[in-house]
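Here are some short exercises to work through with the model open beside you. Try each task on your own before you read its solution.

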Amino acid sequence: MRLLVSACLLGVGCRYDGQSNQLPQLEQLLKQHTCIPVCAELFGGLPTPRVPAERQGNRVVTRDGDDVTEAFVRGTAEVLRLADLYHCRAALLKERSPSCGSGQIYDGTFTKTLTQGDGLTTQMLKKHGITVYGESQIEELIGSRPFFFSI
């Protein structure tokens with residue numbers, strides 16, 4: 001399966017602090033799926049490293065108070081373009097991120113408090129019918145096998 005994957009989960013040092021969140025199961029994931037690395041923050045023009053950002057309603061704001069929503073929206077559009085170009089029906093994204101979080105994200109107070117919600121990219125991917133998995137759900141993807149149809 002072709003799978004959008006947060007670039008940081010593939011080992012790219014593109015997190016806000018310049019680090020990665022490389023998955024321990026990366027080799028197994030790459031054997032089973034074609035992984036398309038994505039990072040909406042970078043695609044939107046934000047630098048690495050950068051000031052941490054969190055969602056505050058429909059906006060994304062840095063810890064310093066700068067509104068970076070426009071960059072996140074631009075980056076999300078690029079992720080959607082890649083999903084369409086590569087015919088991806090699923091994504092494996094970084095949990096709790098203001099861009100990639102699925103189900104829970106930080107609440108915008110920069111106190112590491114979680115709240116229900118999705119990051120901007122996840123929200124848009126779901127709206128376009130793409131299934132989003134968080135990294136804690138990787139076993140579902142590694143355990144999945146390609147479907148073969150007989151005629």
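**Exercise 1.** Decide whether R59 is buried, partly exposed or exposed, and find its salt-bridge partner.

*Step 1.* Buried means under 20% relative accessible area, exposed over 50%, and partly exposed in between (1.4 Å probe, protein chains only). R59 has a relative accessible area of 40%, so R59 is partly exposed.

*Step 2.* A salt bridge needs a side-chain nitrogen of Lys or Arg within 4 Å of a carboxyl oxygen of Asp or Glu. The side chain of R59 meets that of D67 in such a bridge, at 3.2 Å from N to O.

*Step 3.* D67 has a relative accessible area of 41%, so D67 is partly exposed too.

A note before you go on: this is a predicted model, where local features need pLDDT of at least 70, side-chain atom pairs count only at pLDDT 80 or more, and totals for chains, interfaces and linings use all residues. Residues are numbered from 1 along each chain as its sequence is written, and side-chain values use heavy atoms, leaving out hydrogens and water.

**Exercise 2.** Find the salt-bridge partner of K94 and say where in the chain the two residues lie.

*Step 1.* K94 pairs with E135 in a salt bridge of 2.6 Å, N to O.

*Step 2.* This pair links distant parts of the chain, 41 residues apart: K94 is in the loop between β5 and β6, and E135 is in the loop between β8 (131-134) and α5 (138-143). Helices (H or I, at least four residues) and strands (E, at least two) are DSSP runs, numbered from the N terminus.

*Step 3.* K94 is buried because its relative accessibility is 14%, and E135 is buried because its value is 16%.

**Exercise 3.** Which residue shares a polar contact with the side chain of E95?

*Step 1.* Locate E95 in the loop between β5 (90-93) and β6 (104-106).

*Step 2.* A polar contact is a pair of N or O atoms within 3.5 Å; within protein, one must be able to donate a hydrogen and the other to accept it, and residues adjacent in sequence count only if both atoms are side-chain atoms. The side chain of E95 makes one of 2.5 Å with the side chain of S136.

*Step 3.* Contact means heavy atoms within 4.5 Å. Not counting residues up to four places away in sequence, E95 touches G101, G134, E135, S136 and Q137.
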